[in-house]
Amino acid sequence: MDRAELIDKAPVVVAPLKRHVFVCTGKSCSSFGSEAVLETFWGVLAQKGLLYGKRGSWEGSVIVTTCGSVGLCQVGPAVLIYPDGVWYYGVQPQDVEEIAEKHLIGNKPVERLLARHLPEDQLLPALH
Ligand code: FES
């Protein structure tokens, strides 16, 4: 497959993405309501023009997807934000606006929800 065909079949490969939000929809996080958190991320970020994809816009800079368990099962729902290395726990739909404003727009993590924030020296350098 050449690059043009790849882009045609998967335009995400050239999307103007800056961040990837993972909402855990594993069994435990689902039991804590992670589906509602996921839907709220899609809605709030679409409203702010940040969401990439058919629920948002093809110009959006944040992609929001599900992920499987990351080990925060007893304190979910878990939300991870990359490349920032931020892991949030116990996220509820009412927290999403604050995460969007403080973290995704303001570049400051929401301290009260932080399970872990990987130190910069533990993050791998960019590959380019
Ligand atoms: S099910 Fe979400 S962290 Fe385990």
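# A walk through the fold and its core

Read from the N terminus, the elements of the protein chain follow the order α-β-α-α-β-β-β-α-β, which amounts to four helices and five strands. The model is a predicted one, and every value below is computed from it.

A first look can take in the chain as a whole. The C-alpha trace of the protein chain spans about 45 × 35 × 30 Å along its principal axes. A compact globule of 128 residues would have a radius of gyration near 14 Å, and because the protein chain has 15 Å, its value agrees with that expectation. Of the 128 residues, 27% count as buried. Among the contacts between residues at least 6 apart in sequence, 56% join residues that are at least 24 apart.

From here we can turn to the interior. The largest nonpolar core has 27 residues, and those with the most contacts inside it are Val23, Phe41, Leu45, Val62 and Val79. At least two residues of this core come from each of strand S1 (19-24), helix H3 (34-47), strand S2 (62-67), strand S3 (79-82), strand S4 (86-88) and helix H4 (96-105). Helix H3 gives the most to this core, with five residues. Phe41 shows how distant parts of the sequence meet: leaving aside its neighbours within four places in sequence, Phe41 is in contact with Val21, Val23, Val64 and Val96.

Helix H3 deserves a closer look. It has 14 residues and reaches 20 Å from its first C-alpha to its last, which is close to the 20 Å expected at 1.5 Å a residue. Which residues of H3 are buried? They are Ser34, Val37, Leu38, Thr40, Phe41, Val44 and Leu45. Because these residues cover an arc of only 165 degrees around the axis, they lie on the same side of H3. The partners against which the buried residues of H3 pack are S1, helix H2 (27-31), S2, S3 and H4. After the helix comes Gly49, whose phi is positive, near 75 degrees.

Helix H4 can be read in a similar way. Its buried residues include Val96, Ile99, Ala100, His103 and Leu104. These five cover an arc of only 115 degrees around the axis, so they are on the same side of H4. Among the elements that cover the buried residues of H4 are S1, H3, S2 and S3.

Just after H4 stands Asn107, whose place is in the loop between H4 and strand S5 (114-117). The phi of Asn107 is near 60 degrees, a positive value in a residue other than glycine. Is Asn107 buried or exposed? Asn107 counts as exposed, because it has 8 C-beta neighbours inside 10 Å, and a residue is exposed if that number is 12 or fewer.

Two further loops hold peptide bonds that a reader may wish to find in the structure. In the loop between S2 and S3 lies Pro77, and the peptide bond leading from Gly76 to Pro77 is cis, with omega near 0 degrees. In the loop between S3 and S4 lies Pro83, and here the peptide bond from Tyr82 to Pro83 is cis, with omega near 15 degrees.

Key:
Residues numbered from 1 in each chain as written. Predicted model: local features only at pLDDT ≥ 70, side-chain atom pairs only at ≥ 80, totals over all residues. Core = buried A, V, L, I, M, F, W, Y, C linked by C-beta atoms within 7 Å. Buried ≥ 20, exposed ≤ 12 C-beta atoms within 10 Å, placed from the backbone. Contact = placed C-beta atoms within 7 Å. Arc of directions from axis to C-beta. Rg over C-alpha atoms; globule rule 2.2 N^0.38 Å. Expected span 1.5 Å × (residues − 1).
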